[in-house]
Structure formats: structure tokens, C-alpha cells
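Okay, everyone, thanks for squeezing me in. I'd like to walk you through one sheet and then step back to the whole protein, so let's get the picture up.

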Amino acid sequence: MNFGFIKEMELSSGSLVVGLDIGTTKICAVAAEVSSGGNGHFNGSNGRDVNILGIGTALSKGIKKGVVTNIENVVDSIKEAVQKAETMAGIDIKAVHMGITGGHIDCLSSHGVIAVKEKEIGQREVDNVIDAAKAVAIPFDRKMLHVIPVGFTVNGQDGITDPRGMGGVRLETNVQIITGDATSIQNLIRGCRKAGLEVVDVVFQPLASAEAVLSQDEKDLGVAVIDIGGGTTDLAIFHEGNIYSTAVTAIGGNNFTNDIAIGLRIPTREAEIIKQRHGCSMMSMVNGDEEIEIRHDIGRASRKIPRAYLVEILQPRAEELFNLMKEEITGKGFHKHMNSGVVLTGGAALMEGMDVMAENILELPVRIGKSVCTGYSEEIIKSPQYATGVGLALYGLDEFITEDGPGSGNIFSGLTTKMKGWVGGIF
């Protein structure tokens, strides 16, 4: 696939990449620029000069839990979000890195091994052993999104992060393969193309969120990112600098909203407003005399209810969500490796008490994830509800510099290009 059009998007002061977060409740386009003088990959700790130029959001229509239900509505929402980002940044957006999630996403482990003919390991041997690891049978209706090495072994010595330049006769690697439903991915790509956009890459959203809110130290020590979106909650577990496991749960912020609508017998749009303004997931954090105003449709007078009534609705759903997350973490034996705890992102993470409840149930330190980027409005950029969009832009910038920048020497640069090829070759 020819990526020459990215060159046309360069600014005089650096390189520009746009992330497109297509969620169940909102679609978010984020345009980011990195200084051409940057060195090394972006992460939360190295201080690369990344600047967010513009963010555009639109209500998501035609998407349910990561699956397209009406492609024309999706196209309209994408166009609206991108146009807002273009206006704010003063640019013309032609290409995006698209985020994807949903219940159709799956993660599996694989192992590859090759003989080293030249007795010294180079980039070719690394590529070959990764190719061997990803040579697994997957159903014809699924496509690989990412093949992520989690370590190498040379002549039986494991724990190696970069084997290039080492001597040996046997090279092994373990990889995490993230796959998605081909039809769901295809429809999202078609939606972007109908909106006049090229899709440079398709990225699993938790990987993008982690790019925005995690430091390399946290990834090395062990950390879990829980991204609470509108339709789903995504979990990504990192240890020793690599992703070790992912999971998607079909509970998200919309479930909280629907619970309020049913419990208080009010329209969904009013339930969403009440959740954002007065939502709380822990009864112990609410004063007994607090009241909130409930508005109804035309013809019915507004009324006041104790805020505790609202919390009685929200708390059980929050407990259910974090207990499911605990099962995923402890069930796979990763709880003991979470030395940096848990980072919450996504719009629902802003609800009062979510971090405290997560800490109580998961029995791990929990913080709300905030991007370390700068830009036109840091209050917006640092909000966890924009973490995926910002992370997608950072993910794209990182790849751009790795592939086109001088002397990057990244061990996985060739793999990245191979995995992106199917975006244009198949769809």
C-alpha cells in the first residue's frame, strides 16, 4: 500500500497524523503534530514534543457496540467530527488512523521458532520468527489487527527484548495476536472512505488509549488499562513493557444511562444528562440531604428526588462491571503482576466514585488516565473521554517517525508495515 499521501499532510514544523475514534456514543477526530526534532518513541515519560492541533466530536449514529448498523449514519457522523477538527486545526484531513473495538475482538497467544543460519541474529531473522509465530489458523471471516511480540528466546535464554546482533542458532518468540471480525472492520473502513478518508491503519482502541495515558515505567512494572466506552469496556494488561492480554466486555456507559432511564422512568437523553451531572457509583460518597431535579417530557412537571435514589441505580452496575474486570485479571493470573495498578479511561471513568470503587473491588491502586500532551485546550485533551482519540494520533505519529524518520532502527518497523498492508489490499 502506498502511504505517499501522508507526506502531503506534513506541516512546516513537523508531521501531522489524525486519529479517528469511532465509538458507540461519540466519534472523535484528533489531529496531532510532533516536532521533527523529536527522538525516540512517544510515551508518557520521555517528554516528546507532541501538540494536539484540533479535536472534533460528533454524536455517534449507526454504531452499536463497535458494529455498524447503518453505514450512512456512520458516514454523516464521521464527516461532522472530521470537519470540526479541520476547522479547529486549520488543515485538510485526508487520512486517519482508525480505532476499533467491540465484542468481536479476540486475543490469542502463539509461539514461533526458527534456526539462525548466519549464526548472528539480524532484522531478517526477527521478521522470520514473527512470521512463524503468526502462521496460525484463524477463521476466514477474521482478520489480524496486531501481532505483538512479548519477548524473545535465544538458545534457550529467555527475557530478551531485542535479539539483534546476538549470536545463536535458535531464535524463539511469543506473540499476542489480536483479531477482529472481517465484516465489522470492512464496514468501518467503508464508512471512512465514503466520508472521503483513507484509512492508514486500524488500531485496537485499548492500545491507543495506553499510548496516551501510560508511561513506559508503568508498562514495565505491570499495569492494566480499563477503557469504559459507551457500548463496551476494554481491558488491556501490560507487563515487562509489552501487552500480555486483552478483553472486551459488553458493558459500557450506555448501560448506566439505560438503567437510569428505566429506574426513574425518564427519556434516555435526560438520563444521560443526569448521569453526567449527578452520577455517583458509591452510596458512601453522597450526603443524605442531597436532591436532584428530574425533568420530563412536555406535559409533565419536573420533580426533585434524593440523589441517593440515583446512586442506588448506578452502584450495582458499577460493581458488576468491576467484578467482571477482576475476573479477567485474576482469572488469567495477572493480578500479582499489576505493580503499577490500574488506569481508568473513557467517559464513564469521570463518574464520581468510579476510581474508588475500582480500587476497592480490584484491590489495586487506581488512577484516572490523563494524556500528557499539550494543545489548544489542555482541559479537553487531558480528559479520559478523549484518551483513545489522542492515543490514536500518537500511535500514528510514532509509526510515522519509526518508518520514515532517520535512524529509528525500530525492531518492529517492518512488521508494522506488513500488518497495515491488508487495510488497502483486502478492503
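So, here we have an open sheet made of 4 strands, and reading across, the order goes β7, β10, β8, β9, with antiparallel pairing. Keep in mind that this is a predicted model.

Which strands stand at the edges of the sheet? Those are β7, residues 106-115, and β9, residues 157-160. Each of them has a single partner strand, so one side of β7 and one side of β9 go without a neighbour in the sheet. The sheet is twisted, too: on average, neighbouring strands are turned by 35 degrees against each other, if you ignore direction.

Let's zoom in on the β9 edge. Its partner there is β8, which covers residues 142-154, and the two pair in the antiparallel sense over 2 bridges. If you want a spot to click on, find F152: its bridge partner in β9 is I160.

Now, what lies across β8 and β10? That's helix α3, residues 182-194. The helix runs at about 70 degrees to β10, and β10 is residues 170-181.

Okay, zooming out. How many helices and strands does the protein have? We've got 12 helices and 19 strands. The protein has 427 residues, and 56% of them are buried. For contacts between residues at least 6 apart in sequence, 69% join residues at least 24 apart. And on the outside, the accessible surface comes to about 17900 Å², with 47% of that belonging to carbon and sulfur atoms.

That's my tour, so shout if you'd like to see any of it again.

Definitions and conventions. Residues are numbered from 1 along each chain as its sequence is written. This is a predicted model: local features need pLDDT of at least 70, side-chain atom pairs count only at pLDDT 80 or more; totals for chains, interfaces and linings use all residues. Side-chain values use heavy atoms; hydrogens and water are left out. Two strands pair if DSSP finds at least two bridges between them. Axes are lines fitted to C-alpha atoms, for helices over the stretch in contact, and angles run from 0 to 180 degrees between N-to-C directions. Contact means heavy atoms within 4.5 Å. Buried means under 20% relative accessible area, exposed over 50%, partly exposed in between (1.4 Å probe, protein chains only). Accessible areas come from the Shrake-Rupley method with a 1.4 Å probe; for residues, only the protein chains shown count as cover.
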